[in-house]
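Please look over the sequence and the fold before reading on. The paragraphs below start from a single residue and then widen to the whole chain and to the packing of its helices.

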Amino acid sequence: MGLNRFPRVMGMRSGYDPAEVDALIERIEATLGRGALDLEPVTADEVRSATFTSRRRGYQETAVDFALEAFVVALETMAKRPVAKRPVRPALAEPTGELLREEWFESQAARVEKVVFRPGRLGTGYHEDEVDAFLDRIVATLRDTTGHPVTAEEVREVKFATVVFRPGYLIADVDAFLAGIADVLEQRG
């Protein structure tokens with residue numbers, strides 16, 4: 001069942017299959033940083049060449065085509081910007097065997113140091129300096145080089161200031177990454 005993103009064709013006429021269109025748009029929104037992190041990214045060329053099955057009472061083709069053209073422009077604009085990797089959720093397996101406990105925590109600290117968050121959308125996001133300072137505290141905790149370690153609960157409850165019309169980190173990326181880090185810190189004990 002479609003999300004009714006577009007007007008439907010009336011009567012016996014056919015239009016684009018709503019489920020297929022909705023699935024593509026969800027991938028586009030994820031690629032643009034507006035959706036789930038676990039969806040396969042899509043390129044402007046894929047959107048340009050997309051085809052849909054015809055269904056009775058489907059989405060109006062011209063409305064969908066117009067929206068997809070706008071998405072193509074947005075994807076091409078994003079592709080011209082410097083590449084920002086999606087945050088990688090740290091491996092959560094308990095360190096055992098050949099990988100010693102401290103080496104595992106060092107590898108997690110290195111992941112925190114290397115994480116790159118996508119920019120916030122529409123000029124809003126978490127204040128970059130606050131997030132960066134908090135990540136520094138997490139790295140010190142993972143390396144056991146601080147007298148004031150960050151707890152998993154503190155990571156789950158942290159609140160950052162948001163910025164508007166200034167560079168900021170995409171809120172969903174930061175929240176997802178920190179959820180994984182909280183799980184890692186629970187193992188640090």
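**From one residue to the helix packing**

Asp17 has a relative accessibility of 5% and therefore counts as buried, the limit for that class being under 20%. The model in which this residue is seen is a predicted one. Asp17 lies in the loop that links strand S1 (14-16) to helix H1 (18-31), and its side chain reaches the backbone nitrogen of Ala19 at 2.8 Å. When residues up to four places away in sequence are set aside, Asp17 touches Phe52, Thr53 and Arg55.

Around this residue, the protein as a whole contains 7 helices and 5 strands, which follow one another along the sequence in the pattern β-α-α-β-α-α-β-α-α-β-β-α. Of the 189 residues in the protein, 37% are buried, and Asp17, at 5% relative accessibility, is counted as buried too. Among the contacts with a separation of 6 or more, 78% join residues that stand 24 or more positions apart. The protein exposes about 11300 Å², and carbon and sulfur atoms supply 55% of that area.

The packing of helices can be followed from helix H5 (residues 128-142), whose axis comes within 11 Å of the axis of helix H7 (residues 171-188), the two crossing at roughly 20°. H5 and H7 are therefore roughly parallel to each other, as angles under 35 degrees are classed in that way. The crossing in which H5 passes H7 is left-handed, and on the H5 side the contact is made by Val131, Phe134, Leu135, Ile138, Thr141 and Leu142, while H7 contributes Val174, Phe177, Leu178, Ile181, Val184, Leu185 and Arg188.

H5 also packs with helix H4 (residues 101-114), the axes of H4 and H5 coming within 9 Å and crossing at roughly 170°. That angle makes H4 roughly antiparallel to H5, since the class takes in angles over 145 degrees. H4 passes H5 in a crossing that is again left-handed, with Phe105, Gln108, Ala109, Val112 and Glu113 of H4 set against Leu135, Ile138, Val139 and Leu142 of H5. Reading the two contacts together, one finds Leu135, Ile138 and Leu142 of H5 named in the contact with H7 and named also in the contact with H4.

Methods. Residues are numbered from 1 along each chain as its sequence is written. This is a predicted model: local features need pLDDT of at least 70, side-chain atom pairs count only at pLDDT 80 or more; totals for chains, interfaces and linings use all residues. Side-chain values use heavy atoms; hydrogens and water are left out. Helices (H or I, at least four residues) and strands (E, at least two) are DSSP runs, numbered from the N terminus. Buried means under 20% relative accessible area, exposed over 50%, partly exposed in between (1.4 Å probe, protein chains only). A polar contact is a pair of N or O atoms within 3.5 Å; within protein, one must be able to donate a hydrogen and the other to accept it, and residues adjacent in sequence count only if both atoms are side-chain atoms. Contact means heavy atoms within 4.5 Å. Accessible areas come from the Shrake-Rupley method with a 1.4 Å probe; for residues, only the protein chains shown count as cover. Axes are lines fitted to C-alpha atoms, for helices over the stretch in contact, and angles run from 0 to 180 degrees between N-to-C directions. Angles under 35 degrees count as roughly parallel, over 145 as roughly antiparallel, 65 to 115 as roughly perpendicular and the rest as oblique. A crossing is left-handed if the near helix is turned anticlockwise from the far one by less than a right angle, and right-handed if clockwise.
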